[in-house]
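These are my notebook entries from a session with one protein model. I went from helix pairs to single residues, and then to the chain as a whole.

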Amino acid sequence: MDPQADTDNVTQRKRKLANVVIGFLFLLSGIEYAVILPTVWMYLQTLDAQPFFLGLVLSAFSLTELLSGPLFGHWSDCTGQTKKVLLLSNCFEIAGNFMYFVGLSKWFLLGSRLVAGVGAGAGSSIFGYLTRYSSSKERVPVFAMAMACRQAGLLIGPAFNIFLRYCTFQLGPFHVDKFSAPGIFMCALWTLMQLMVIFMFSDLPLNTSEPQTQEHEPLLKQANIPSPLYGTINGNHEPPSNQDDFSDKENAATPSSCPTIGDHLYSQSGEPSGSLHNIKPVMGLLQEAVVVLLTTQFVTFFNQTALETLVTPLAQTYLGFQDLQNSLLYFLCGIEMLIGFLAVRILSRCSSDRLLLAFGLFIGNISCIWCLVFLAKPKGSYGFLLAEFVVGVFLQVLGLPLLSVSQVSLFSKITAEKTQGFNHGLRRSVGGVATILGPLWAAGLIQNLYIMLGVMMGLLLLNTVMVILSYKHLEEPTTSEDQSS
């Protein structure tokens, strides 16, 4: 038999197993959110916590996630070993959920979410892994499926709550009830996840991933792109011959040679190699396309979490919704989101990332306008109010898959492949800040919806203008080889 064919088969099998692990990990992240959120406030009440403590506990997870994300991502970039990152991050998830189960005090509960949030930061390394081992054409479908797995977890999570709420037994010195049961349940699932990572996940060598393509060149790829913001990339001058030697040696380096952010932008720019040391790393974050996509990340998550905070009190005030109706509403929204991610996966075959992004922003603007007109000060009969509410929520949820997947995919294509872990860690940190500020903004202005929704509309319009003005830059740089072909 052909040894090369055997090697390729083994590599493909390892890749499929790794994808199963990644899908299960995203599934668990959705389940964890769905099983803990419904009872965390009642849990805190049993520990004599004040109402503001709920906001602290919910924000604690996002805080440590946004801090640990870039660190985990940078680690995986430097070592090329995503498996070790996952093994360590799972330890934080296991420890954090066990602390949640023990629940000695409100402060201990706060600490449990801080610890678990550190583990969630490994998502940046996972997105980096998916970027390195997928081609540009596969990027949107791969990211869409990963996000769909998390959405599936959000859908099936409430089903676990059906039996967790009836738990009441003794486990050693600890009493298990409906409040602490989600903690030990998630602790067991993350322990299972740890075993899956040990036995099923493998770090594959890059040279076996896409051996026949040039799709993983660092940002920005060698291309004839005249731009006042990016500069002329491989323009009318050729780099010295020793620069070619330098590039060959750099590409042949092992993952242990840790890259810097400055390498993202100038290692392939046609400038002399010595200029690499004169560029401040922060310049990599000031490129037009990167700023636009990070702004999109912030605005998307800010508006999403703000509206999520608004939905429940608004539905209770004007529609009389209680727990059952709210659960049904969130379930239907989850179904719509799941269908949306699968639809984006299909649309990606015939649409570019920036077109999907533009379409998502268009729907988002329509949603914000609808909410400003009809929901800022609802009027009319119950049926009319219900229709206004349902349409507003439907439009908001409809645009989220388009925005989420397209901006993540595009971000991965215009930033350096060899530093994808750090890049996605930065992107997720921006989203983490938004998920902290969004609920705080909405909660403080529930009584003044015109200001609340008006600021959201303003942010979205600003983001839309930025995308329009930078539209020609929001695409993967075309390599010289691609142009010649």
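**Entry 1: α4 and α6**

I began with a pair of helices, and found that α4 and α6 are roughly antiparallel to each other, a label for angles over 145 degrees; under 35 counts as roughly parallel, 65 to 115 as roughly perpendicular and the rest as oblique. Their packing angle is about 155 degrees, and the axes are 10 Å apart. Axes here are lines fitted to C-alpha atoms, for helices over the stretch in contact, and angles run from 0 to 180 degrees between N-to-C directions. Helix α6 covers residues 123-132. The crossing of α4 and α6 is left-handed; that is the word if the near helix is turned anticlockwise from the far one by less than a right angle, and right-handed is the word if clockwise.

I noted that the model is predicted, so local features need pLDDT of at least 70 and side-chain atom pairs count only at pLDDT 80 or more, while totals for chains, interfaces and linings use all residues. Residues are numbered from 1 along each chain as its sequence is written, and side-chain values use heavy atoms, with hydrogens and water left out.

Which residues meet between α4 and α6? I found Thr 82, Val 85 and Leu 86 in α4 against Ser 125, Ile 126, Tyr 129 and Arg 132 in α6, where contact means heavy atoms within 4.5 Å. By class, the residues of this contact are four nonpolar, two polar and one charged. For the classes, Ala, Val, Leu, Ile, Met, Phe, Trp, Tyr, Cys and Pro are nonpolar, Asp, Glu, Lys and Arg are charged, and the others, Gly among them, are polar.

**Entry 2: α3 and α4**

Next I followed α4 to another partner. Helix α3 (residues 52-79) packs with helix α4 (residues 82-102) at about 150 degrees, with the axes 8 Å apart. That angle is why α3 and α4 are also listed as roughly antiparallel. Phe 72, Trp 75 and Ser 76 in α3 meet five residues that I listed for α4: Thr 82, Lys 84, Val 85, Leu 88 and Ser 89. This contact divides into four nonpolar, three polar and one charged.

**Entry 3: α7 and α8**

Helix α7 (residues 136-164) and helix α8 (residues 181-200) have axes that come within 11 Å and cross at roughly 125 degrees. So α7 and α8 are oblique to each other. I wrote down a right-handed crossing for α7 and α8. From α7, Phe 160, Phe 163 and Leu 164 meet Ala 181, Pro 182 and Phe 185 of α8. Six nonpolar residues make up the contact of α7 with α8, with no polar and no charged ones.

**Entry 4: three residues in α14 and α15**

Is Gln 420 buried or exposed? Gln 420 is buried, at a relative accessible area of 0%; buried means under 20%, exposed over 50%, and partly exposed in between (1.4 Å probe, protein chains only). I placed Gln 420 in helix α15. Its C-alpha atom is 9.4 Å from that of Ile 126, although the two residues are 294 apart along the chain. Setting aside neighbours within four places in sequence, Gln 420 contacts several residues, including Asp 77, Ser 124 and Arg 132.

Ser 429 is in α15 (residues 420-444) too, and is buried at 10% relative accessibility. Beyond its neighbours within four places, Ser 429 touches Leu 66 and Pro 70.

Ser 409 belongs to helix α14 (residues 382-414). It is buried, with 0% relative accessible area. Not counting residues up to four places away, Ser 409 touches Arg 139, Val 140, Phe 143 and Asp 353.

**Entry 5: a loop residue**

Where is Asp 48? I found Asp 48 in the loop between α2 (40-46) and α3. Its phi is near 60 degrees, a positive value in a residue other than glycine. Most residues other than glycine have a negative phi. Asp 48 is exposed, at 63% relative accessibility.

**Entry 6: the whole chain**

To finish, I zoomed out. The chain has 17 helices and two strands; helices (H or I, at least four residues) and strands (E, at least two) are DSSP runs, numbered from the N terminus. Of its 485 residues, 51% count as buried. Among contacts with a separation of 6 or more, 81% join residues 24 or more positions apart.
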